[in-house]
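Trainee: I should like to learn how to read the interior of a protein model and then its overall form. Could we begin with the nonpolar core?

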Amino acid sequence: MRIRKSTNDQVARKYILRERGDKEPMYHIWPNDRPTDGDGRKSNESKHAISFATVEEAATHLLANPLDQIRMNPGSALINVDVVIETRGDEPDPI
């Protein structure tokens, strides 16, 4: 299974949120209902991220919460449009 952006084929990768003190690479998703920053935009602070150890867990969360945003790689934008969850033929659907 993999999560990718359809417009550029960027694939979600596990990475460590060092500013949060994480030790293990994870998939990170920011909930749609996170607080706003001083400019009224949704905060991208790492403390608001929900982390998942497996791509299956991250995919299941995104399917259940389509307005939440995933960061594909460190330093890339948070996205929730053009996201594709691909499974191999022998894999069950994530939900």
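Mentor: Please bear in mind that this model is predicted. A nonpolar core is a set of buried residues joined through side-chain atoms within 4.5 Å. Here the largest such core has 13 residues, of which I3, A12, Y27, I29, A58 and I70 touch the most other members.

Trainee: Which elements each supply at least two residues of this core?

Mentor: They are β2, spanning 27-30, and α1, spanning 55-64. The largest share, four residues, comes from α1.

Trainee: Which residues does A12 touch, leaving aside those up to four places away in sequence?

Mentor: A12 touches I3, Y27, I70 and M72. Another core lies apart from the largest one; it has five residues, including L17, W30, A49 and L78.

Trainee: In what order do the elements of the chain run from the N terminus?

Mentor: The order is β-β-β-α-β-β-β, giving one helix and six strands.

Trainee: How should the radius of gyration of the chain be read?

Mentor: One sets it beside the value from the globule rule. The chain has a radius of gyration of 13 Å, close to the 12 Å given by that rule for 95 residues, so it is as compact as a globular protein of that length. Its C-alpha atoms fill a box of roughly 45 × 30 × 25 Å along the principal axes.

Trainee: What percentage of the 95 residues is buried?

Mentor: Buried residues, those under 20% relative accessible area, make up 37% of the chain. Among contacts with a separation of 6 or more, 55% join residues 24 or more positions apart.

How values were computed:
Residues are numbered from 1 along each chain as its sequence is written. This is a predicted model: local features need pLDDT of at least 70, side-chain atom pairs count only at pLDDT 80 or more; totals for chains, interfaces and linings use all residues. Side-chain values use heavy atoms; hydrogens and water are left out. Buried means under 20% relative accessible area, exposed over 50%, partly exposed in between (1.4 Å probe, protein chains only). Contact means heavy atoms within 4.5 Å. The radius of gyration is taken over C-alpha atoms; the globule rule is 2.2 Å times the number of residues to the power 0.38.
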